Every structure is written in C-alpha cells, then in structure tokens.
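Here's a quick briefing on the model you have open. Skim the lead sentences, then dip into whichever topic you need.

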Amino acid sequence: MSSDRLMRIHSAEFRAMAERVLRVTELTSRLNVLPFEDEAGKAELFEQILGGPLSSRVTIYPPFYTDHGLRLDLADRVFINQNCTFLDYAGIRLGERVMVGPKATFITVGHPVDPEERRGWLSGGPIDVAENVWIGAGATILPGVSIGRDAVVAAGAIVTDDVPPASLVTGSKAAVNRRW
C-alpha cells in the first residue's frame with residue numbers, strides 16, 4: 001500500500017488483511033506469555049508471525065506486538081526493546097543496527113480525515129528506517145515516514161515527516177533540532 005493509495009474497507013483485500021490480523025494477534029498473545037528463556041518457543045512463534053525465521057542477529061524483547069507481521073523487514077543487528085508495536089500492513093523496514101527503545105510504535109495505516117470517508121477506507125504508507133538509527137522510548141512513527149541513516153528520534157517524539165540523515169528529532173511533532 002503506498003501513501004497515495006486507499007483500501008476500501010469490506011473489500012476482499014481488507015478481509016484478507018483482517019484474517020491475518022486475527023491470526024497474528026493470537027500468535028503474539030502466545031509469544032508474550034512465554035518464559036523469557038524459552039528461546040525455542042519464541043523462535044517458533046516469531047517464524048509464524050514474520051513468515052520466516054527470525055535472524056539470530058536480531059534481538060526482540062517481548063512483549064512484542066504486530067498486526068500483520070509479513071511486511072516487517074528486520075536487517076541484521078536490529079534491537080527491539082520491550083512493549084513495541086509494529087502495525088506493518090503497508091510495510092516497515094528497519095536497517096542494520098537500528099535500535100528501538102521500549103514502547104515505540106510504528107503505524108503504517110490509518111483512516112482519511114474526511115468523516116465521510118473515514119469508516120469506508122484505510123490509507124497509509126510504508127515506514128523506512130535506514131541503518132544505525134536510534135528510536136527512543138515511546139516514540140511514534142507515522143505512515144509514509146523515512147528516517148535517514150544515523151538519525152536519532154528522541155523519546156516520546158511523534159514523527160510525521162521524513163527525518164534527514166544524522167539528525168536529532170524531538171517533540172510531540174518531531175522537528176529537526178540539529179544535524180551533524
């Protein structure tokens with residue numbers, strides 16, 4: 001789904017997505033109650049959630065939430081701390097060495113602002129996070145955002161626009177404060 005494309009709710013595409021969301025919700029609920037040391041159990045559930053094995057060079061600390069899973073692309077040496085959410089239907093890519101703080105949220109789909117369209121359509125766009133980015137605790141990344149290499153998203157920031165490489169963004173609507 002691109003940022004200029006809408007999906008009609010009650011379409012075949014939406015029904016297929018909704019079925020996957022129900023399945024992944026069941027899988028993540030099982031994942032999130034496993035003992036932390038149950039590596040085999042976590043690996044089996046991550047494989048079902050992500051549609052393939054989780055790389056041994058990726059670290060995810062449960063609880064972990066995703067609504068789709070099949071469109072979450074995690075490069076080597078990605079670290080995801082506890083209680084993060086990835087609504088990945090439109091696609092989320094995390095480049096090598098990305099670090100994600102606890103309670104971070106990545107959202108690729110939403111609804112149109114127009115009240116007449118809101119209940120009938122989904123809108124969205126993919127999220128792309130380049131290499132060596134740090135996403136702080138409680139940050140929210142919204143649909144269609146790209147974050148450049150070596151950038152830092154401060155704790156609690158809400159990122160609505162692209163982030164340039166080697167920059168720090170902060171605030172309730174993230175703004176570029178400095179570049180290096």
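**Briefing: a buried acid, a pocket and some salt bridges**

Let's start with aspartate 67, which sits in the loop between β3 (64–66) and β4 (72–74). Keep in mind that this is a predicted model. Aspartate 67 is buried yet makes no salt bridge, while the model as a whole has nine salt bridges. The largest pocket takes up about 220 Å³, and a few backbone oddities are listed at the end.

**Aspartate 67, the buried acid**

- How far away is the nearest side chain of opposite charge? That side chain belongs to arginine 20, and the distance is 8.4 Å.
- A salt bridge needs nitrogen and oxygen within 4 Å, so the 8.4 Å to arginine 20 doesn't qualify.
- What aspartate 67 does have is a backbone partner: a polar atom of its side chain lies 3.0 Å from the backbone nitrogen of aspartate 88.
- Beyond its neighbours within four places in sequence, aspartate 67 is in contact with Arg20, Val21 and Val24, and also with Phe86, Leu87, Asp88 and Tyr89.

**Threonine 108, another buried polar residue**

- Threonine 108 belongs to the loop between β9 (105–107) and β10 (109–110).
- Its relative accessibility is 0%, so threonine 108 counts as buried.
- Which backbone nitrogens does the threonine 108 side chain reach? One is that of tyrosine 89, at 3.3 Å, and another is that of alanine 90, which lies 3.0 Å from a polar atom of the side chain.
- Setting aside residues within four places in sequence, the contacts of threonine 108 include Leu87, Asp88, Tyr89, Ala90, Gly91 and Ile92.
- Also among the contacts of threonine 108 are Ser123, Gly124, Gly125, Ile127 and Pro143.
- Leu87, Asp88 and Tyr89 turn up in the contact list of aspartate 67 as well as in that of threonine 108.

**The largest pocket**

- The lining of the largest pocket has 14 residues, and Glu39, Lys42, Phe46, Leu54 and Val58 are the ones nearest its centre.
- Two elements, α2 (39–50) and β2 (59–60), each give two or more residues to that lining.
- Which element gives the largest share of the lining? That's α2, with five residues.

**Glycine 52, in the α2–β2 loop**

- Glycine 52 is located in the loop between α2 and β2.
- With a relative accessibility of 16%, glycine 52 counts as buried because the cut-off is under 20%.
- Not counting residues up to four places away, glycine 52 touches Phe46 and Glu47.
- Isoleucine 147 is 95 residues along the chain from glycine 52, and their C-alpha atoms are 25 Å apart.

**Salt bridges**

- Arginine 30 pairs with glutamate 26 at 3.1 Å, N to O.
- Those two are four residues apart in helix α1 (residues 12–31), so about one helical turn separates them.
- Both ends of this pair are partly exposed: arginine 30 has a relative accessible area of 37%, and glutamate 26 has 30%.
- Aspartate 76 and arginine 57 form a salt bridge, with their closest N and O atoms 3.6 Å apart.
- This pair links distant parts of the chain, 19 residues apart: aspartate 76 is in the loop between β4 and β5 (79–80), and arginine 57 is in the loop between α2 and β2.
- Aspartate 76 is partly exposed at 29% relative accessibility, and arginine 57 is partly exposed at 44%.
- Arginine 77 bridges to glutamate 96, with the closest N and O atoms at 3.7 Å.
- Here too distant parts of the chain are linked, 19 residues apart: arginine 77 is in the β4–β5 loop, and glutamate 96 is in the loop between β7 (92–94) and β8 (99–100).
- Arginine 77 is partly exposed at 43%, as is glutamate 96 at 34%.
- Arg93, Asp128, Glu131, Arg149 and Asp150 are joined into one network by salt bridges that share partners.

**Backbone oddities**

- Proline 62 and proline 63 are joined by a cis peptide bond, with omega about 0°, and proline 63 sits in the loop between β2 and β3.
- Asparagine 83, in the loop between β5 and β6 (84–87), has a positive phi near 65° despite not being glycine.
- Asparagine 83 is partly exposed, at 31% relative accessible area.
- Lysine 103 also has a positive phi, about 65°, and belongs to the loop between β8 and β9.
- Is lysine 103 buried or exposed? At 55% relative accessibility, lysine 103 counts as exposed.

How values were computed. Residues are numbered from 1 along each chain as its sequence is written. This is a predicted model: local features need pLDDT of at least 70, side-chain atom pairs count only at pLDDT 80 or more; totals for chains, interfaces and linings use all residues. Side-chain values use heavy atoms; hydrogens and water are left out. Buried means under 20% relative accessible area, exposed over 50%, partly exposed in between (1.4 Å probe, protein chains only). Lys and Arg count as positive and Asp and Glu as negative; His and the chain ends are not counted. A polar contact is a pair of N or O atoms within 3.5 Å; within protein, one must be able to donate a hydrogen and the other to accept it, and residues adjacent in sequence count only if both atoms are side-chain atoms. Contact means heavy atoms within 4.5 Å. On a 1 Å grid over the protein atoms alone, a cavity is a set of points where a 1.4 Å probe fits but cannot get out, and a pocket is an open set with protein on both sides within 12 Å along at least five of seven lines; lining residues have an atom within 4 Å of a point. Grid points are joined across faces, edges and corners, and a volume is the space filled by probe spheres set on the points.
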